[in-house]
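User: I want to learn how to read a two-chain helical model, feature by feature. Please take me through the general idea each time, then the case here.

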Amino acid sequence: MKKFISKLNKYKYPYLFIAPAIILLFMFSIIPIFVSVGISFTDMNIKGLANFNNIDFIGLENYIELLKDADFHQAIRNTIFYVVIGVPFVVFLSLTSALLINYGTEKIFSFFRVVYYAPAVTNIVAVAVVWGFLYNTNYGLLNNILNGLGLEGLRWLQDPILAKISLIILAVWKAIGINMLIFLAALKGIPKSYYEAAKIDGAKKFQTLRYITLPQLRFSTFFVTITTLIGWIQFFEEPMVMTSGGPLGQTNSMALFIYQNGFKQSQFGYAAAGSFVLFVIIIIVTLIQFRMNKQDAWE
Amino acid sequence: MHGNKTMITEVRKMKKDKMKIDKIIVIILLTIGGILMLTPFIWMIFSSFKHANEAMLVPPTLFPKVPTLENYIKLFEELNFLVYLKNTLIVVAIFFIGLLFNAMAGYAFGKFKFPGKKFLFYMVLATMMIPSQVTMIPVYLILNKMGLINTMLGIVLPGLVGAFNIFLFKQFMGGVPNELMEAARIDGAGEYYIFFKLIIPISKPILAVQGILTFIAGWNNFLWPLIIANDEKFYTLSVGLSLLKGQNVTNFALQMAGASIMVVPIMIIFCIFQKHIMEGFVTSGIK
């Protein structure tokens with residue numbers, strides 16, 4: 001015991017320095033995982049919140065229920081739609097804008113860097129308010145432009161398919177900035193000598209891009225793809241603030257399904273089970289990505 | 001001979017011209033993209049100075065015909081935006097305490113040896129992979145058990161520290177030479193003195209980046225204020241704005257003014273400090 005205390009005393013300072021952060025992470029990240037596993041096997045709801053005696057262990061029932069829940073199926077289908085369309089657009093557009101901005105060194109290029117990054121620092125509610133106005137069927141800018149061109153206005157947030165695409169457009173607009181910065185950082189890291197060598201060999205611009213720049217960006221492309229993928233599987237804030245998942249669940253995502261079951265219907269057990277399904281999907285997709293990247297490297 | 005030389009300069013000039021044309025095309029492409037990126041912001045700001053009726057004109061006007069501040073006045077005088085603003089600033093201020101916690105942890109992980117260090121650090125990193133949806137419900141239950149629902153503390157606690165920030169601080173502070181600290185210790189400086197008077201001043205570059213990002217994160221924080229604050233007196237700007245959107249569905253000019261209050265301050269701060277953020281990205285080693 002004495003030894004333990006003297007040891008503790010010896011390392012007093014590092015422990016004191018990490019203590020606040022570690023305690024907070026434990027309370028709000030680590031412990032919640034175990035709590036979440038626990039309640040996903042119970043019927044915890046608003047009654048259980050008031051009194052823990054009202055909570056019953058129900059085994060796998062929540063998970064079985066999820067398998068049968070048509071709303072959950074729809075949320076999964078919508079999430080796949082978001083990921084399959086949104087992720088390639090984010091990667092392609094952020095890479096393209098990084099390449100274009102990296103083209104010159106004049107002031108105007110750093111100005112564009114700020115412009116393209118601006119949506120990324122904007123609050124999601126403000127974004128929803130502004131885009132809600134732009135998308136408005138009667139008074140929105142977009143339909144006014146279409147009308148001006150002699151075309152019929154669109155039902156941006158009411159049509160089942162178009163509503164999903166409208167949310168993707170907004171999310172892509174917001175996501176370009178941060179990924180563009182990652183690509184720009186990587187572009188700055190490519191040794192100049194590679195380009196000089198290519199120039200001496202008489203390589204065309206396109207060839208330089210194809211055989212030097214893009215291969216050198218391999219790791220950052222992987223990084224951007226995987227973080228974007230993980231982020232979009234959790235697609236949440238956009239449908240939440242823009243459409244609340246409507247019309248009729250057509251823009252609902254898995255993450256929003258979990259939130260609504262948890263906080264709107266107070267079905268905490270059911271929502272926790274849903275969150276684990278989401279977690280498992282994320283882990284599987286991440287592992288597949290790493291696998292594919294490894295195979296790529298071996299070729 | 002002479003003709004050959006002029007031909008060479010001619011070819012050089014053509015090459016230069018071609019480069020110029022390339023650059024012009026690039027700038028045109030960037031301009032088109034830039035307009036698309038900025039249109040929502042421009043539309044927001046111009047509309048916020050219109051009368052409620054003018055914002056709903058078909059076809060719309062770009063510049064307000066009779067610019068007015070009535071929307072902004074209404075937000076602060078009739079609605080509770082002053083309270084929301086105050087709460088948002090409190091959240092931001094508390095987030096800076098979180099920043100200090102992150103820096104302290106990063107320093108200890110970067111510069112000290114202690115039992116359990118490796119395990120704890122991996123644990124910190126592992127928290128980055130946990131999706132927020134998984135922890136959302138249990139965190140709510142934990143806060144409820146602690147009696148922190150509908151309190152300012154409950155709003156800020158879940159997002160106060162972040163693994164990625166700790167990681168970045170560790171990377172930076174790990175590079176501070178040991179001799180510096182040893183010298184201070186020999187001179188009889190205490191550990192707190194060393195951290196606050198030596199390490200913090202040296203870490204200015206990373207603190208600048210983290211400080212701006214902390215400000216943005218605190219200002220934009222939405223989910224936890226929404227879940228935890230039931231009482232309007234605890235609403236932050238983002239929650240207040242979503243309330244405004246729900247209650248004034250067709251008053252777009254008012255909505256745009258509310259959105260401008262959220263967006264413009266952050267844009268100004270971002271424009272002033274953007275160089276630090278961009279450079280921070282390059283130096284933080286994300287490649």
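**Reading the two chains**

Analyst: Start with contact range. Two residues are in contact if their C-beta atoms, placed from the backbone, lie within 7 Å. In chain A, take the contacts between residues at least 6 apart in sequence: 66% of these join residues at least 24 apart. This is a predicted model, where local features need pLDDT of at least 70, side-chain atom pairs count only at pLDDT 80 or more, and totals for chains, interfaces and linings use all residues. Residues are numbered from 1 along each chain as its sequence is written, while chains are lettered from A and ligands numbered from 1 in the order in which they are written.

User: What share of the contacts in chain B with a separation of 6 or more comes from residues 24 or more positions apart?

Analyst: The share in chain B is 74%.

User: How many helices and strands does each chain have?

Analyst: Helices (H or I, at least four residues) and strands (E, at least two) are DSSP runs, numbered from the N terminus. Chain A has 15 helices and zero strands. Chain B has 13 helices, again with zero strands.

User: How do I read the radius of gyration of each chain against a compact globule?

Analyst: The radius is taken over C-alpha atoms, and the globule rule is 2.2 Å times the number of residues to the power 0.38. For 299 residues the rule gives a value near 19 Å, but chain A has 25 Å. For 287 residues it is also near 19 Å, but chain B has 26 Å. Now the boxes, along the principal axes. The C-alpha atoms of chain A fill roughly 75 × 70 × 40 Å. Those of chain B fill roughly 75 × 75 × 35 Å.

User: What percentage of each chain counts as buried?

Analyst: A residue is buried if 20 or more other C-beta atoms lie within 10 Å of its own, exposed if 12 or fewer, and partly exposed in between; the C-beta atoms are placed from the backbone. Of the 299 residues of chain A, 40% are buried. For the 287 residues of chain B, the figure is 38%.

User: Which residues of α7(A) are buried?

Analyst: Helix α7 of chain A spans residues 124–134, and 11 of its 11 residues are buried. Among them are I124(A), W131(A), G132(A), F133(A) and L134(A).

User: Where does G269(A) sit, and what does it touch?

Analyst: G269(A) is in helix α15 of chain A, residues 268–298. It is buried because it has 27 C-beta neighbours inside 10 Å. Set aside residues up to four places away in sequence. G269(A) then touches I39(A), S40(A), T42(A), D43(A), M44(A) and N62(A). The C-alpha atoms of G269(A) and M44(A) are separated by 4.8 Å, although the two residues are 225 apart along the chain.

User: What is the setting of S40(A)?

Analyst: S40(A) lies in helix α2 of chain A. With 25 other C-beta atoms within 10 Å, S40(A) is buried. Beyond its neighbours within four places in sequence, S40(A) contacts N62(A), G269(A), A272(A), A273(A) and F276(A).

User: How many residues does each chain give to the contact between them?

Analyst: Chain A gives 72 residues and chain B gives 75. Helix α2 of chain A, residues 12–40, gives the most to the side of chain A that touches chain B, with 18 residues. By class, that side has 57 nonpolar, 13 polar and two charged residues. Ala, Val, Leu, Ile, Met, Phe, Trp, Tyr, Cys and Pro count as nonpolar, Asp, Glu, Lys and Arg as charged, and the others, Gly among them, as polar.

User: At what angle do α3 and α7 of chain B pack?

Analyst: Two packed helices are described by the angle between their axes and the distance between the axes. Axes are lines fitted to C-alpha atoms, for helices over the stretch in contact, and angles run from 0 to 180 degrees between N-to-C directions. Helix α3 (residues 81–111) and helix α7 (residues 163–173) of chain B pack at about 50 degrees, with axes 7 Å apart. The pair α3(B) and α7(B) is therefore oblique. Under 35 degrees counts as roughly parallel, over 145 as roughly antiparallel, 65 to 115 as roughly perpendicular and the rest as oblique.

User: Which backbone angle is notable at S244(A)?

Analyst: S244(A) is not a glycine, yet has a positive phi of about 55 degrees. S244(A) lies in the loop between α13 (237–242) and α14 (254–264) of chain A.
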